[in-house]
Structures are given as C-alpha cells and as structure tokens.
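Work through the exercises below with the sequence and the model side by side. Each task is followed by a solution in steps.

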Amino acid sequence: MTAKDITDALLALEDERQREVLLRFFKTGKGEYGEGDRFLGIRVPEVRLVAKTAVELPLEEVPTLLLSPWHEVRLCGLLILTYQMERLCRQRLLDEPKALNLLLFRLFFIYIVSGSLFLFISHLCVFLFHQ
C-alpha cells in the first residue's frame with residue numbers, strides 16, 4: 001500500500017454536502033482561522049476506517065499524506081502513525097529504533113492536525129512509563 005492508494009481511497013469517499021458543513025465548522029472563509037484549508041467532506045469515523053486498513057504503511061510514505069492539501073488526508077496520516085505507535089507499545093517493541101523514529105516523526109508533524117496532540121502525549125506516556 002502507498003500514500004497514493006490511501007489518498008485515492010479517501011477521494012472516493014468525497015461528500016460535497018458534508019464538505020460544506022466542514023468548511024463552515026472550521027471557518028475556512030477569508031480572514032477566518034481556517035482560511036484556505038481544503039476538505040473532502042469525509043466524516044472522522046470513515047477516515048479512521050481507512051487509516052486502520054493502512055496501519056502497515058511504510059513510514060517513508062507518511063510525509064506524503066501529512067503534506068497533502070486535503071484536511072482528511074493529513075488526518076489519516078496522523079491516525080496511521082497513532083495506530084502504528086499503539087501497536088509498537090502493545091508489542092513492547094519500545095527499544096526498537098523504529099519506535100523512537102516514529103515518536104520523533106509524530107512530534108515533528110503534530111501541528112498539522114492539532115487534535116492528535118492528546119493521543120501523542122498519551123502514547124508517549126505509555127512509551128516512557130510502561131517499560
């Protein structure tokens with residue numbers, strides 16, 4: 001699976017009516033805090049389902065998702081990283097270099113979708129205190 005496959009899957013779920021709702025909710029008009037953000041109109045539970053199917057996505061594919069112009073594609077990238085971190089924590093692969101790289105990678109891109117900050121902190125706590 002590649003970032004393009006994930007993006008294509010999300011594009012297939014595009015919903016014009018929901019897009020209008022999200023554009024108003026996130027205040028994307030001129031001069032508003034979300035000005036310029038672009039939406040496909042996909043609800044978060046649908047984005048989570050796509051992310052769960054892509055949990056094995058190679059780490060080097062994730063920046064493509066995180067740098068997408070589409071809000072839902074960026075969210076999917078962060079969700080994939082979240083699911084990968086959860087799996088690493090459950091498997092106790094905390095000493096593996098991939099786990100540390102994943103933590104640093106998520107920290108670097110966390111500003112893209114601010115709602116993931118809580119998940120990142122919670123997984124960091126699991127990582128640090130459950131060894």
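The exercises cover the fold, the salt bridges, the nonpolar core and a few single residues of this predicted model.

**Exercise 1. Describe the secondary structure and the burial of the chain.**

Step 1. Start with the elements: the protein has seven helices and zero strands. Along the sequence this gives the pattern α-α-α-α-α-α-α.

Step 2. Turn to burial. Of the 131 residues in the protein, 43% are buried.

Step 3. Look at how contacts span the sequence. Taking contacts between residues at least 6 apart in sequence, 66% join residues at least 24 apart.

**Exercise 2. Find the partners of Arg19 in salt bridges, and classify each residue as buried, partly exposed or exposed.**

Step 1. Arg19 forms a salt bridge with Glu14, with 2.6 Å between the closest N and O atoms.

Step 2. Arg19 also meets Glu16 in a salt bridge, at 3.0 Å from N to O. Both Glu16 and Arg19 belong to helix H2 (residues 16–25), where they are three residues apart, about one turn of the helix.

Step 3. Apply the cut-off for burial, which is under 20% relative accessible area. Arg19 has 13% relative accessibility, so Arg19 counts as buried.

Step 4. Do the same for the acidic partners. Glu14 has a relative accessible area of 39% and is therefore partly exposed. Glu16, at 45%, is partly exposed as well.

**Exercise 3. Analyse the salt bridge between Arg74 and Asp37.**

Step 1. The closest N and O atoms of Arg74 and Asp37 are 2.7 Å apart.

Step 2. This pair links distant parts of the chain, 37 residues apart: Arg74 sits in helix H5 (residues 71–90), and Asp37 in the loop between H2 and helix H3 (44–53).

Step 3. Arg74 has a relative accessible area of 11%, so this residue is buried. Asp37, with 21%, is partly exposed, because the cut-off for buried is under 20%.

Step 4. Now consider shared partners. Glu14, Glu16 and Arg19 are joined into one network by salt bridges that share partners. The count for the structure comes to four salt bridges.

**Exercise 4. Which residues have the most contacts inside the largest nonpolar core, and which elements supply the core?**

Step 1. The largest nonpolar core has 23 residues, and those with the most contacts inside it are Ile6, Leu10, Val47, Leu65, Cys76 and Ile80.

Step 2. Helix H1 (3–11), H3, helix H4 (62–66) and H5 are the elements that give two or more residues to this core. H5 provides the largest share, eight residues.

Step 3. As background, nonpolar side chains tend to be buried together in soluble globular proteins.

Step 4. Take Ile80 as an example. Setting aside neighbours within four places in sequence, Ile80 contacts Ile6, Ala51, Ala54, Leu57 and Leu65.

**Exercise 5. Place Leu65 in its surroundings, and then Ala9.**

Step 1. Leu65 lies in helix H4. Its relative accessible area is 0%, so Leu65 is buried.

Step 2. Not counting residues up to four places away in sequence, Leu65 touches Ala3, Ile6, Thr7, Leu57, Val73, Arg74, Gly77 and Ile80. One of these, Arg74, is the residue that forms the salt bridge with Asp37.

Step 3. Compare sequence with space. Leu65 and Lys4 are 61 residues apart in sequence, and their C-alpha atoms are 8.4 Å apart.

Step 4. Repeat for Ala9, which is in helix H1. Ala9 has 32% relative accessibility and therefore counts as partly exposed. Ala9 and Val73 are 64 residues apart in sequence, with 9.8 Å from C-alpha to C-alpha.

**Exercise 6. Describe the setting of Ser68 and the interactions of Trp70.**

Step 1. Ser68 is in the loop between H4 and H5. At 10% relative accessibility, Ser68 is buried.

Step 2. A polar atom of the Ser68 side chain lies 3.0 Å from the backbone nitrogen of Trp70. Ser68 also touches Val73 and Arg74, leaving out residues up to four places away in sequence.

Step 3. The ring of Trp70 has the charged end of Arg38 sitting over it, 4.2 Å from the ring centre.

Step 4. Finally, check for ring pairs: the structure holds zero aromatic pairs.

Terms used
Residues are numbered from 1 along each chain as its sequence is written. This is a predicted model: local features need pLDDT of at least 70, side-chain atom pairs count only at pLDDT 80 or more; totals for chains, interfaces and linings use all residues. Side-chain values use heavy atoms; hydrogens and water are left out. A salt bridge is a side-chain nitrogen of Lys or Arg within 4 Å of a carboxyl oxygen of Asp or Glu. Buried means under 20% relative accessible area, exposed over 50%, partly exposed in between (1.4 Å probe, protein chains only). Helices (H or I, at least four residues) and strands (E, at least two) are DSSP runs, numbered from the N terminus. A nonpolar core is a set of buried Ala, Val, Leu, Ile, Met, Phe, Trp, Tyr and Cys residues joined through side-chain atoms within 4.5 Å. Contact means heavy atoms within 4.5 Å. A polar contact is a pair of N or O atoms within 3.5 Å; within protein, one must be able to donate a hydrogen and the other to accept it, and residues adjacent in sequence count only if both atoms are side-chain atoms. Rings of Phe, Tyr and Trp (its six-membered ring) pair if their centres lie within 6.5 Å; planes under 30 degrees apart count as stacked, over 60 as edge-to-face and the rest as tilted. A charge sits over a ring if NZ of Lys or CZ of Arg is within 6 Å of the ring centre and within 35 degrees of the ring normal.
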